[in-house]
Amino acid sequence: MKRMLGLSLVLGLLAGCQSGPAREASAADEPRKEATSESASAEAAARGAEAEPAPPADFDAWLARFRREARGEGISERTLARALDGVRFRPRVIELDRSQPEFVRPIWQYLDSAVSAQRVSQGRAKLAEHRDTARRMEQRYGVPAEVIVAIWGIESNYGGNFGDFSTLEALATLAFDGRRRDFARGELLAALRIIDAGDIAPERMIGSWAGAMGHTQFIPSSFEAYAVDGDGDGRRDIWGSIPDVMASTANYLARAGWQPGQPWGVEVTLPAGFDHAQTELSTRRSAREWTEQGVRPVGGGALPDFDTASVLVPAGASGPAFLVGPNYRAILRYNNATSYALAVGTLADRIAGRDGIAQSWPRDEQPLMRRQVREMQQALNARGFDVGSPDGIMGPNTRRGLRAYQQSIGVTPDGFATLRLLERLQR
């Protein structure tokens with residue numbers, strides 16, 4: 001499979017989440033990570049509380065065939081023995097792979113956790129502890145030290161939790177019985193190549209149920225493409241070497257198009273009568289053009305000098321607005337979710353001592369569950385606001401149809417789906 005720069009895109013293939021320009025984003029744009037620090041502890045407790053059932057009878061036969069194929073693709077016999085002897089089928093991985101949670105947290109709830117006071121304080125402490133390393137990587141790759149640390153914090157809570165699944169067992173299980181078997185098989189081969197190259201021992205290759213590994217939560221193919229030896233020991237160790245972790249994170253963002261000297265974005269106020277149909281990442285204008293429309297930074301001053309920038313209102317017209325540039329889009333290549341990119345940007349700002357988000361979120365609004373999004377899509381189609389086939393995914397087509405409906409009833413057409421709008425549609 002062709003390597004993809006967007007880590008979230010390839011993880012989305014495993015997790016069943018929608019990614020990429022041709023597909024719509026999830027209902028509340030929840031970050032597409034399978035083993036977050038907030039959930040992994042509960043999952044670990046659940047795994048410990050119940051014995052796993054016996055593996056399917058043909059798993060061993062599949063593993064033997066895969067082993068022969070891996071040998072034919074150049075994996076050494078020593079690596080095959082070290083990595084695959086004793087590999088178990090993990091039913092919990094299949095359970096997680098097939099689960100599709102109906103409810104997605106509102107963006108403000110996600111940010112409350114991802115950019116909590118504790119995470120900010122810990123991030124400042126980590127930056128102080130590893131300042132020389134972070135600054136060295138900033139000079140090498142052009143990515144600010146606070147952004148490197150913020151990615152670290154969001155991905156694995158600064159190494160506090162990057163999952164406790166064997167990557168080899170997780171990927172072998174998914175390649176045998178997952179919904180994206182060919183993809184998982186390719187990642188398992190990549191994991192074997194990493195071990196064959198001497199970067200990590202099999203028993204230390206630990207991460208999430210979907211194969212995202214270490215402090216940086218790289219999948220194996222991303223590791224091969226972007227992991228860097230930052231401490232000069234000849235190995236790329238994103239599990240135990242903080243210089244390697246920081247170098248790999250910075251290299252990923254640099255390769256994703258990070259532009260040195262530019263911010264990720266800025267919180268802004270929008271003028272009365274602003275055309276909210278423009279609030280899509282695909283709508284890009286220069287900072288000068290946005291200024292001419294009356295877009296202003298919160299707190300005054302001039303907008304960042306972006307050649308191309310987008311205005312985003314992730315919670316509609318009654319919530320905060322942001323002007324985001326190329327570096328925001330680079331963060332999205334790491335994980336293609338609005339809430340994730342905003343979390344990284346605002347956490348980096350807070351770690352650096354800058355202000356957080358000033359405007360209030362519409363916490364009294366109730367976002368929709370996926371089945372309710374499908375109901376909204378059906379209702380919009382029935383009223384002539386074509387959004388395509390109802391799929392429960394709140395993306396550009398659905399927002400376009402919703403804006404048209406909002407305009408028809410005299411409501412600010414911001415495309416933000418709420419329970420009140422659904423109930424009005426259904427009446």
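This is a short walk through one predicted chain, from its totals to three helix pairs and a few single residues.

Ground rules, quickly. The model is predicted, so local features need pLDDT of at least 70 and side-chain atom pairs count only at pLDDT 80 or more, while totals for chains, interfaces and linings use all residues. Residues are numbered from 1 along each chain as its sequence is written, and side-chain values use heavy atoms, with hydrogens and water left out.

Start with the whole chain. The secondary structure comes to 19 helices and six strands. Those are DSSP runs, numbered from the N terminus: helices are H or I with at least four residues, strands are E with at least two. Of the 427 residues, 57% count as buried. Buried means under 20% relative accessible area, exposed means over 50%, and partly exposed is in between, with a 1.4 Å probe and protein chains only. The chain exposes about 17,700 Å². Carbon and sulfur atoms supply 47% of that area. The areas are Shrake-Rupley, again with a 1.4 Å probe; for residues, only the protein chains shown count as cover.

Now contacts. A contact is heavy atoms within 4.5 Å. Take contacts between residues at least 6 apart in sequence: 70% of them join residues at least 24 apart.

On to helix packing. Axes are lines fitted to C-alpha atoms, for helices over the stretch in contact, and angles run from 0 to 180 degrees between N-to-C directions.

First pair on my list: H3, residues 59-72, and H4, residues 77-84. Their axes come within 10 Å and cross at roughly 150°. That makes H3 roughly antiparallel to H4. The cut-offs: under 35 degrees is roughly parallel, over 145 roughly antiparallel, 65 to 115 roughly perpendicular, and the rest oblique. The crossing of H3 and H4 is right-handed. Handedness works like this: left-handed if the near helix is turned anticlockwise from the far one by less than a right angle, right-handed if clockwise. Who makes the contact? From H3, it is Leu-63, Phe-66, Arg-67, Ala-70 and Arg-71; from H4, Glu-77, Leu-80, Ala-81 and Leu-84. By class, that is six nonpolar, no polar and three charged residues. For the classes, Ala, Val, Leu, Ile, Met, Phe, Trp, Tyr, Cys and Pro are nonpolar; Asp, Glu, Lys and Arg are charged; the others, Gly among them, are polar.

Next pair: H17, residues 370-382, with H19, residues 419-426. The axes come within 10 Å and cross at roughly 40°. That makes H17 oblique to H19. The crossing is left-handed. H17 brings Gln-372, Glu-375, Met-376, Ala-379 and Leu-380. H19 answers with Leu-419, Leu-421, Leu-422, Leu-425 and Gln-426. The split is seven nonpolar, two polar and one charged.

Third pair: H5, residues 91-98, and H10, residues 167-177. They pack at about 65°, axes 9 Å apart. This crossing is right-handed. Val-93, Ile-94, Asp-97 and Arg-98 of H5 meet Ala-170, Thr-173, Leu-174 and Asp-177 of H10. Here the classes are four nonpolar, one polar and three charged.

Stay at that spot. Thr-173 sits in H10. Is Thr-173 buried or exposed? Buried, with a relative accessible area of 0%. Leaving out residues up to four places away in sequence, Thr-173 touches Arg-88, Phe-89, Arg-90, Val-93, Ile-94 and Gly-178.

Gly-178 follows on. Gly-178 lies in the loop between H10 and helix H11, 181-196. Gly-178 is buried too, at 7% relative accessibility. With the same sequence cut, Gly-178 touches Ile-94, Asp-97 and Thr-173. Gly-178 and Ile-94 are 84 residues apart along the chain, yet their C-alpha atoms are separated by 6.3 Å.

Another loop: Ala-317, between strand E5, 310-312, and strand E6, 321-324. Ala-317 is partly exposed, at 35%. Its contacts beyond four places in sequence are His-276, Thr-412 and Asp-414. Ala-317 and His-276 are 41 residues apart in sequence and 7.8 Å apart in space, C-alpha to C-alpha.

Last, backbone angles. Most residues other than glycine have a negative phi. Asn-157 has a positive phi, near 55°. Asn-157 is in the loop between helix H9, 145-156, and strand E1, 165-166. Asn-157 counts as partly exposed, at 22%. Gln-217 also has a phi near 55°. Gln-217 lies in the loop between strand E2, 206-207, and helix H12, 220-226. Gln-217 is buried, at 2%.
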